[in-house]
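Q: Please take a close look at one part of this model, the open sheet and the helix that packs on it. A connected account of the pairing, the packing and the aromatic contacts would be welcome.

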Amino acid sequence: MADGGPVQHGYPHLETVRAAVTALYRRLSYDTVHQFATSVPPADVAFCDTDDLHLGAQRVARELVRHYRLPDARMIVAFREMQHAANVELTAGPEYFIELNDRFRRHRRDIGAALAHEIMHVYLHRVGLSFPGTRDNEILTDTAATYLGAGWLLLDAYREDGASSQKLGYLTPEEFGYVLAKRSLVFGEDPSVWFTSAQAYTAYGRGMERARHDERQPPLTAAGWAGRRRYVRDRRHAQDHRSAAAADTAYAFAPDPPGPLRVTFPCPTCHQRIRVPVKGRVRARCGLCRTVLECDT
């Protein structure tokens with residue numbers, strides 16, 4: 001939680017974020033991910049200053065439990081002074097104890113954002129999905145909450161001006177925007193209409209630009225002129241020397257002595273690597289997220 005301190009920007013955790021999206025599809029399956037096609041609506045997690053603190057927090061927690069499809073989980077929410085925004089005890093259940101920072105007594109509209117992250121910890125614990133190390137596991141939790149329809153609350157909790165700043169979660173604002181954009185491109189949902197923070201809207205726009213950039217990388221047919229030119233040069237070198245492309249490209253060529261040269265590249269939706277023969281125009285289908293990709297190999 002950045003509370004008045006500097007807010008990190010950019011994409012320092014991008015590779016871990018992409019690995020988290022891939023892990024979600026692998027662990028949950030395409031069908032389960034698509035059960036979350038509709039985000040939690042603002043009305044269900046709204047919290048105003050006149051609401052009773054504890055009853056309101058329990059109500060929002062119940063709505064997030066319902067959204068995450070954890071019907072047999074009960075969240076008990078309390079408040080105390082602590083360094084972090086929130087904490088949850090991961091036990092066998094069905095009761096889970098969540099502690100929120102005392103600052104949320106005064107910033108009640110952000111309680112939903114904190115609970116979205118902590119209850120996602122419970123969800124991932126139950127499905128047995130985790131990353132090694134605290135940092136990567138927290139990035140996985142932020143990414144999962146966002147991709148499964150509750151993380152727009154975390155981005156909307158980001159506010160920054162010349163005198164103060166606030167951000168929840170481990171992702172940067174632009175990384176939250178990137179994951180939201182990835183979700184939007186899959187489900188056709190525009191979360192920006194729910195933002196109350198102008199800075200959140202800006203971060204989402206930047207994240208969308210980065211997500212669109214993923215869709216314009218060779219060998220996809222939507223790749224730009226410069227990328228295509230680089231790809232053709234690397235392909236020619238691979239064909240002549242039966243070697244892989246340069247290390248700074250997302251694609252790589254794989255010599256296949258019994259057959260044609262093949263190229264591998266990340267799926268722009270789930271980032272699983274796809275392998276297709278180098279033979280001109282081909283249509284590839286990602287086996288993980290079922291995205292159909294038009295390629296010029």
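A: Two strands are taken to pair if DSSP finds at least two bridges between them. Strands (E, at least two residues) and helices (H or I, at least four) are DSSP runs, numbered from the N terminus. The model is predicted, with local features requiring pLDDT of at least 70 and side-chain atom pairs pLDDT 80 or more, while totals for chains, interfaces and linings use all residues. Residues are numbered from 1 along each chain as its sequence is written, and side-chain values use heavy atoms, without hydrogens or water.

The open sheet consists of three strands in the order 2-4-3, and its pairing is mixed. Strand 2 (74–80) and strand 3 (86–88) form the edges, each pairing on one side only. On average, neighbouring strands are turned by 20° against each other, direction ignored; axes are lines fitted to C-alpha atoms, for helices over the stretch in contact, and angles run from 0 to 180 degrees between N-to-C directions. Strand 3 pairs with strand 4 (residues 95–101) in the antiparallel sense, over three bridges. Within this region, alanine 86 has leucine 100 of strand 4 as its bridge partner.

Helix 5 (residues 111–127) packs on the sheet and touches strand 2, strand 3 and strand 4, where contact means heavy atoms within 4.5 Å. The direction of helix 5 makes about 145° with that of strand 4. Of the 17 residues in helix 5, 15 are buried, meaning under 20% relative accessible area (exposed is over 50%, partly exposed in between; 1.4 Å probe, protein chains only). From first C-alpha to last, helix 5 reaches 24 Å, close to the 24 Å expected at 1.5 Å a residue; the expected span is 1.5 Å times one less than the number of residues. Just after helix 5, glycine 128 takes a positive phi of about 75°.

Helix 5 also takes part in an aromatic contact through tyrosine 123. Rings of Phe, Tyr and Trp (its six-membered ring) pair if their centres lie within 6.5 Å; planes under 30 degrees apart count as stacked, over 60 as edge-to-face and the rest as tilted. The whole structure holds nine aromatic pairs. In one of them, phenylalanine 36 and tyrosine 123 meet edge-to-face, 6.1 Å centre to centre with 90° between the planes. Phenylalanine 36 lies in the loop between helix 2 (30–33) and helix 3 (42–45), 87 residues from tyrosine 123. Both residues are buried. Ring pairs link Phe36, Tyr68 and Tyr123 into a cluster.
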